[in-house]
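Here is a short tour for anyone meeting this structure for the first time. Keep the 3D view open while you read, and follow along element by element.

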Amino acid sequence: MLKNYKYTIENKLCMGCGACFDENSTIELQKGYLIPSKFKDIDVCPGLGYSLPFATKEYCYKMELGVYDKIFSATSLDKTILEKASSGGIMTAIAEFLLKENFVDGIIVTKINVENGKILPMPYIARNKEDLLLAQGSKYMPVPLLSFIKTLSKSEETFALIGTPCQIAGLHLMQEKNPKYKQIIKYTIGNFCGGFRDLREIYTIFNRLKISAEDVENFSYRGGGQPGFLTIKTREGIYKIAYPKYNKMTGFSTIRRCRLCVDATAELADFSCGDAWLKKFLNKKECKSIIITRNKNASNILELMEKQKYITRDKMSIDDVIEAQKTNIYSKKIRQKARRKIFSILCKKLPDFKETSFSSKNTRLLTELKVLLSHSIFYCLQVLGLYTFIAKLIKRDNAEIIFEEKK
Ligand SMILES: Cc1cc2nc3c(=O)[nH]c(=O)nc-3n(C[C@H](O)[C@H](O)[C@H](O)COP(=O)(O)OP(=O)(O)OC[C@H]3O[C@@H](n4cnc5c(N)ncnc54)[C@H](O)[C@@H]3O)c2cc1C
C-alpha cells in the first residue's frame, strides 16, 4: 500500500502529532484523535519511523539514551514553577530562561482547553512566565502540535518548542524538507516519554465517575507533587485519582505507535527532560528532574541557568538515569526486538527504525504475545461495556477516587 495518511492511520502508526495536516483544514475528533479534513506532507510523518543520531566523535552515545553531552538531576529554584510542575519544573525553567535572556521570542507549548464539554489539547505561544505556567503538567494524550507550527511558517520571529520525542522527530523531518522551519524553531526541549492513550480514555473516566463533560471546569493529568494526581474540577467539587492508577480505570491501553516507539528520552531534542524516579530523591520528597543536554550549546545554556540561579543541578550518572527510567527503557529499548517480531508475525506494519536504535537482545516472544492479547481483551471488554465490572472483579482497577466537595 502506498504510504499516505491512510496507510499511517489504518495501520495504527499515527500518534496524532499533526505533521501531515493541511494548515487550512478543519479538525475533528475521531476515535480519540484529532484528525484534519485535509492532509498534506505525509513525507514528514514521524509515525512511519525516523533516524536517531548514532555515536559521533564529539559526543558520548548509549543505546538506551542516545547521543548526549552532559547529564544532571536538576530542580527549578522558582517556587511558582515548582508548584504545578510534573517533577522538578526544569522544562518550564529552561523555557523561561530562553525567553528572558532573548534567545527566542516565544515558546511553543501546550495547555488543556476545557470548553463546551470538550477537553482538548491546545498548542499556543508563551511570551512570558505567566503563559508558561498555564502549560505546565504532562498531557498524556495525542497533541497535534506540528499543525500549529505550520501556522508560523511565514514568521520572522524565533521560537523554542516543548514536545514529546515523536513531535520533535516530526519537526526535524519538517525542517529537513523546509529549512525555513530551522530558522524559526531554534531550540527543542523534549520530554522522556513512555507513551499515551487516545482521548477516549478521559471521556470514559468521566462516564465512570458519572461526570458530564459539560460540567468540567478544569482537567489535568498530573499535578500536586510527584507523582501527583489526575484532577477533574467540576461545578460540584474536585475529583482526584492518583497517578498512574487511573490508567486501569478504562480498557484503553497505550496507543500502538507508542508501543512501537524506540525513542524513550527525546533523542533528537537539544534538552531532554524526565522525572528522577530514584529512591534517594523520592524518600526525601525531593521533586527532581533529569536533564540530558545533547550538544555543547545546550550544556552552555544550562551552565548559565545555574550561574543566574534559575536552577540547582548535580551531575548524574548514566546508570542512575537508566535506573530512574527502567520501565520505560526496558519497554522501548530492550523488549522492542521481540515486540516487533510478534507484530510482524501478526502481519502488522512497523515504523522504520535502524536496528542500532534498540537492543539486539532476544527477550521472550511469549511475554509480548501475552501483553498484546491482554490489551486486546481489555479493549474489547471496554467496547462491550463490561470492562468496569471485570476489572473490579479481578482487582485490576483499584484506583482510589478522592472527592472534595465545593464549599
Ligand atoms: C506523554 C508523556 C509521557 C511521558 N512519559 C515519561 C516517562 O516515561 N518518564 C519520565 O521520566 N517522564 C515522562 N514524561 C515527562 C514528565 O512527565 C515531565 O514532563 C518531565 O519530567 C518534565 O517535568 P517538568 O516538571 O519540567 O515539566 P513541567 O514544568 O510540568 O512542563 C511540562 C511542559 O511539557 C509540555 N507538554 C506536556 N505534555 C505535552 C504533550 N503531550 N505534548 C507537547 N507538550 C507537552 C507542557 O506544555 C509544558 O510546557 C512524559 C510526558 C508526557 C507528555
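## Two domains to start with

First things first: this is a predicted model. According to the domain assignment, the protein has a domain 1, covering 5–198 + 253–345, and a domain 2, covering 200–251 + 375–405. Each of them is written as two stretches of the chain, so expect to hop along the sequence a bit as you look around.

How far apart are the centres of domain 1 and domain 2? Taken over C-alpha atoms, the separation is 25 Å.

## The eight-stranded sheet

Let's look at the sheet with eight strands. It is an open sheet with mixed pairing, and the order of its strands is β7-β6-β8-β9-β13-β14-β5-β15. The edges belong to β7 and β15 (311–315); each has a single partner strand, so one side of each is left without a neighbour in the sheet. From one strand to the next, the twist averages 30°.

For a parallel pair in this sheet, go to β9 (residues 185–191) and β13 (residues 271–275), which are joined over three bridges. One spot to click on is Ile189, whose bridge partner in β13 is Phe271.

## Helices lying across it

Two helices are worth finding next. Helix α3 (residues 90–100) lies across β5 (70–76), β6, β7, β8 (159–163), β9, β13, β14 (289–293) and β15. Its direction is at about 165° to β9.

Helix α11 (residues 296–307) lies across β5, β9, β13, β14 and β15. The angle between α11 and β15 is about 125°.

## The four-stranded sheet

Now for the sheet with four strands. It is open too, its pairing is antiparallel, and its strands come in the order β10-β11-β12-β16. Which strands stand at the edges? They are β10 (216–220) and β16 (401–405); each has a single partner strand, so one side of each is left without a neighbour in the sheet. Neighbouring strands here are turned by 15° against each other on average, ignoring direction.

You can walk through this sheet pair by pair. Four bridges connect β10 with β11 (residues 229–234), and Ser220 sits opposite Thr231 in β11. Then β11 and β12 are joined by five bridges, with Lys233 opposite Ile238 in β12. These two strands, β11 and β12, make a hairpin, and two residues lie between them. Finally, β12 (residues 237–242) is linked to β16 by five bridges, where Ile241 has Ile401 as its bridge partner. As a general point for picturing any of this, side chains in a regular strand alternate between the two faces of the sheet.

## Where the domains meet

Back to the two domains, this time at their interface. On one side, 27 residues of domain 1 are in contact with 21 residues of domain 2. The two domains bury about 2100 Å² between them, and 53% of that is on carbon and sulfur atoms. Which residues of domain 1 lose the most area to domain 2? They are Ile119, Tyr140 and Arg197, together accounting for 28% of what that side buries.

There are polar links here as well: 10 residue pairs are in polar contact between domain 1 and domain 2. On the domain 1 side, β6 (106–115) and β7 (118–126) each supply at least two of the residues that touch domain 2. The largest share of that side comes from β7, with three residues. Three salt bridges cross the interface. Elsewhere in this account Arg197 came up for the area it loses; its side chain also meets that of Glu201 in a salt bridge, at 3.6 Å from N to O.

## Salt bridges and backbone details

Over the whole structure, the search finds 22 salt bridges. One of them pairs the side chains of Lys40 and Glu23, at 3.3 Å from N to O. Lys40 is in the loop between β2 (33–36) and β3 (60–62), while Glu23 is in the loop between α1 (5–10) and β1 (27–30), so the pair ties together parts that are 17 residues apart in sequence.

Two backbone details round off the tour. Tyr243 and Pro244 are joined by a cis peptide bond, with omega about 0°, and Pro244 is in the loop between β12 and α9 (256–259). Lys12 is not a glycine, yet it has a positive phi of about 55°; look for Lys12 in the loop between α1 and β1.

Definitions and conventions. Residues numbered from 1 in each chain as written. Predicted model: local features only at pLDDT ≥ 70, side-chain atom pairs only at ≥ 80, totals over all residues. Heavy atoms only, no water. Pairing = 2+ DSSP bridges. Axes fitted to C-alpha atoms, helices over the stretch in contact; angles between N-to-C directions. Domains from an automatic or database assignment. Contact = heavy atoms within 4.5 Å. Buried area = accessible area lost by both parts, 1.4 Å probe. Salt bridge = Lys/Arg side-chain N within 4 Å of Asp/Glu carboxyl O. Polar contact = N/O pair within 3.5 Å; in protein donor to acceptor, adjacent residues only side chain to side chain.
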